[in-house]
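Work through the exercises below with the sequence and the 3D view open. Try each task before you read its solution.

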Amino acid sequence: MTNEEYYNKYLDYLQFERKLSKNTILSYQDNLNRFEIFIQGKSIKDVKRNDIEAYLKFNDKMSEKSRAHYLTVLRNFYQFLVYEDLIDTNPCETIKMPKITKSLPHYLTEEEIEKLLSFPLNTPFDYRNKAMLELLYATGIRVSELVNLKLNNIHLEEDLIRVLGKGSKERISPISTICEKYLRIYIEEYRNTLLKNKTSEYVFINNFGNPITRQGFFKNLKQIAKEQGIEKEISPHTLRHSYATHMLSHGADLRIIQELLGHSDISTTEIYTHVVNEKIKNDYEKHPHAKK
């Protein structure tokens, strides 16, 4: 088999058996293409541990997180080949994973969230953006889940939405009263205006009458944040972090937050306990006797 055939066999496995998302598969494909360029046509079967290590050290500017990701991709790829009896050993098996220092997620305070969400509503685009922001903060869904939301995923009478997350896993998320209000206004009064006589099953529409993209929403969010005087760096994920942090601060159970965020591993959700603990520590230091 050629290297290309090995790669294609693995990517087919990710798509049809693991049912990973298109973006995840494209990321894996990109990583494997970079590896193929590095080994310069050397057969996959002849790659040794020192080749993998040289590849990981090739780019000195690569972060430890990126290095760990590249190693994970190659380790999984070679493990698949071993499982399929296409090779005998996994050259990545004894390579230690780089240690990654987990940085605390950036989030907005509750006051900053209120400031962000209070932008003026004048146009159909304003009402669309208002519905999108309220939905992000009410549910903590990912921006990819937001832009791919379809009309049949929204159940306003029950105050909930159905979300198709990573690995095509579906979860139910409740929405707040204010989120339900602005979703209803947008869908019933303004969405058809944005469609411009087109039809679409997607909820959120751009100025061309097509489903809004992640990039389009990110651009709008940055503009709204600037106009509302939010000085922090902000992204759609900032609202997801804010949602989880505020939920935990108000006493929500960590396991419930894990379920609502669609995290497969509780350790991913536990990062928010560090955020809340750091906030408590900072608040305590304002006590007149706290400083030494």
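**Exercise 1. Place two residues in a loop.**
Where does Lys-196 lie, and is Lys-196 buried, partly exposed or exposed? Then do the same for Asn-197.

*Solution.*
Step 1. Remember that this is a predicted model. Lys-196 lies in the loop between helix H8 (177-195) and H9.
Step 2. Look at the backbone. Phi of Lys-196 is near 55°, a positive value in a residue other than glycine.
Step 3. Check the accessibility. Buried means under 20%, and exposed means over 50%. Lys-196 has 47% relative accessibility, so Lys-196 counts as partly exposed.
Step 4. Move on to Asn-197. Asn-197 is also found in the loop between H8 and H9. Asn-197 is not a glycine, yet its phi is positive, at about 70°.
Step 5. Apply the cut-offs again. Asn-197 has a relative accessible area of 82%, so Asn-197 is exposed.

**Exercise 2. Describe the whole chain.**
How many helices and strands are there in the protein chain? What share of its residues counts as buried?

*Solution.*
Step 1. Count the elements. The protein chain has 13 helices and three strands.
Step 2. Take its dimensions. Along its principal axes, the C-alpha trace spans about 65 × 60 × 30 Å.
Step 3. Turn to burial. The protein chain has 292 residues, and 42% of them count as buried.
Step 4. Add the surface. The accessible surface is about 17500 Å², and carbon and sulfur atoms make up 49% of that area.
Step 5. Consider the contacts with a separation of 6 or more. Residues 24 or more positions apart account for 58% of these.

**Exercise 3. Compare two helix packings.**
At what angle does H6 cross H9, and at what angle does H6 pack with H10? Name each arrangement.

*Solution.*
Step 1. Start with helix H6 (residues 124-139) and helix H9 (residues 214-227). Their axes come within 11 Å and cross at roughly 95°.
Step 2. Name the arrangement. Angles of 65 to 115 degrees count as roughly perpendicular. H6 and H9 are therefore roughly perpendicular to each other.
Step 3. Find the residues that meet. H6 brings Arg-128, Asn-129, Met-132, Leu-133 and Leu-136, while H9 brings Phe-217, Asn-220, Leu-221 and Ile-224. By class, six residues of this contact are nonpolar, two are polar and one is charged.
Step 4. Now take H6 with helix H10 (residues 236-249). Their axes are 7 Å apart, and the angle is about 40°. H6 and H10 are therefore oblique to each other.
Step 5. List this contact too. Leu-133, Leu-136, Tyr-137, Ala-138 and Thr-139 of H6 meet Pro-236, Leu-239, Ser-242, Tyr-243 and His-246 of H10. Seven of the residues in this contact are nonpolar, three are polar and none is charged.

**Exercise 4. Study an arginine in a helix.**
Is Arg-240 buried or exposed, and which residues does Arg-240 touch?

*Solution.*
Step 1. Locate the residue. Arg-240 is found in helix H10.
Step 2. Use the 20% cut-off. Arg-240 has 2% relative accessibility, so Arg-240 counts as buried.
Step 3. Find its contacts, leaving out residues up to four places away in sequence. Arg-240 touches Gly-140, Ile-141, Arg-142, Arg-171, Leu-261, His-263 and Tyr-272.
Step 4. Look at Leu-261 again. Its backbone oxygen lies 2.9 Å from a polar atom of the Arg-240 side chain.

**Exercise 5. Work on two asparagines.**
Where is Asn-90 found, and what does its side chain make a polar contact with? Where is the place of Asn-31?

*Solution.*
Step 1. Asn-90 is found in the loop between helix H4 (64-83) and helix H5 (110-117). Its relative accessibility is 7%, so Asn-90 counts as buried.
Step 2. Beyond four places in sequence, Asn-90 touches Arg-75, Tyr-78, Gln-79 and Val-82. The side chains of Asn-90 and Gln-79 make a polar contact (3.4 Å).
Step 3. Asn-31 has its place in helix H2 (residues 22-39). Its relative accessibility is 4%, so Asn-31 counts as buried.
Step 4. Leaving aside neighbours within four places in sequence, Asn-31 is in contact with Tyr-55, His-69, Tyr-70 and Val-73.

Notes: Residues are numbered from 1 along each chain as its sequence is written. This is a predicted model: local features need pLDDT of at least 70, side-chain atom pairs count only at pLDDT 80 or more; totals for chains, interfaces and linings use all residues. Side-chain values use heavy atoms; hydrogens and water are left out. Axes are lines fitted to C-alpha atoms, for helices over the stretch in contact, and angles run from 0 to 180 degrees between N-to-C directions. Helices (H or I, at least four residues) and strands (E, at least two) are DSSP runs, numbered from the N terminus. Angles under 35 degrees count as roughly parallel, over 145 as roughly antiparallel, 65 to 115 as roughly perpendicular and the rest as oblique. Contact means heavy atoms within 4.5 Å. Ala, Val, Leu, Ile, Met, Phe, Trp, Tyr, Cys and Pro count as nonpolar, Asp, Glu, Lys and Arg as charged, and the others, Gly among them, as polar. Buried means under 20% relative accessible area, exposed over 50%, partly exposed in between (1.4 Å probe, protein chains only). A polar contact is a pair of N or O atoms within 3.5 Å; within protein, one must be able to donate a hydrogen and the other to accept it, and residues adjacent in sequence count only if both atoms are side-chain atoms. Accessible areas come from the Shrake-Rupley method with a 1.4 Å probe; for residues, only the protein chains shown count as cover.
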